[in-house]
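User: Please take a close look at one part of this model, its sheet, and describe how the strands are arranged and joined.

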Amino acid sequence: MGLSGSTLRESSGISPMPSSTASIIAEKAARIIIQGQDVTFEKGPMGWIATGWQQGLPVARKPVSDALVVSTLQRFPEDAISMTF
């Protein structure tokens, strides 16, 4: 799924999200969308599921750890993240 390398926002000088904020979001949110990325995270009864998207259709789903969600969120500025609770 498309989450490798640094983002354009990081290279343009916009600060990524602090780890404390990312941890709180991962703990409280039920669904996380990162604007401009082709992945969403949804929390289910067994933990987080990452879904990869292409042209508006889901193409891959896999379980991911809380730590991966937090580390992914840390790479993006807060205004790129939308979530539901």
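Which residue in β3 does T40 stand opposite?

Analyst: T40 stands opposite T51 in β3. The model is predicted: local features need pLDDT of at least 70, side-chain atom pairs count only at pLDDT 80 or more, and totals for chains, interfaces and linings use all residues. Residues are numbered from 1 along each chain as its sequence is written, and side-chain values use heavy atoms, with hydrogens and water left out.

T40 also has a partner in β1, namely I33. The neighbouring pair on that side joins I32 to F41 of β2. Strands β1 (residues 31-34) and β2 (residues 39-44) are antiparallel, with 3 bridges between them; strands are DSSP runs of E of at least two residues, helices are runs of H or I of at least four, and both are numbered from the N terminus. Their hairpin has 4 residues between the strands, and G36 in the turn has a positive phi of about 80°. On the other side, β2 and β3 run antiparallel with 6 bridges, and the hairpin joining them passes through 2 residues.

The whole open sheet has 5 strands in the order β4-β3-β2-β1-β5, with antiparallel pairing; two strands pair if DSSP finds at least two bridges between them. At the edges are β4 (57-64) and β5 (81-84), each paired on one side only.

Two helices lie across the sheet. Helix α2 (residues 19-28) lies across β1, β2, β3 (47-54) and β5, at about 55° to β2; angles run from 0 to 180 degrees between N-to-C directions, and axes are lines fitted to C-alpha atoms, for helices over the stretch in contact, where contact means heavy atoms within 4.5 Å. Helix α3 (residues 66-73) lies across β1, β2, β3, β4 and β5, at about 35° to β1.
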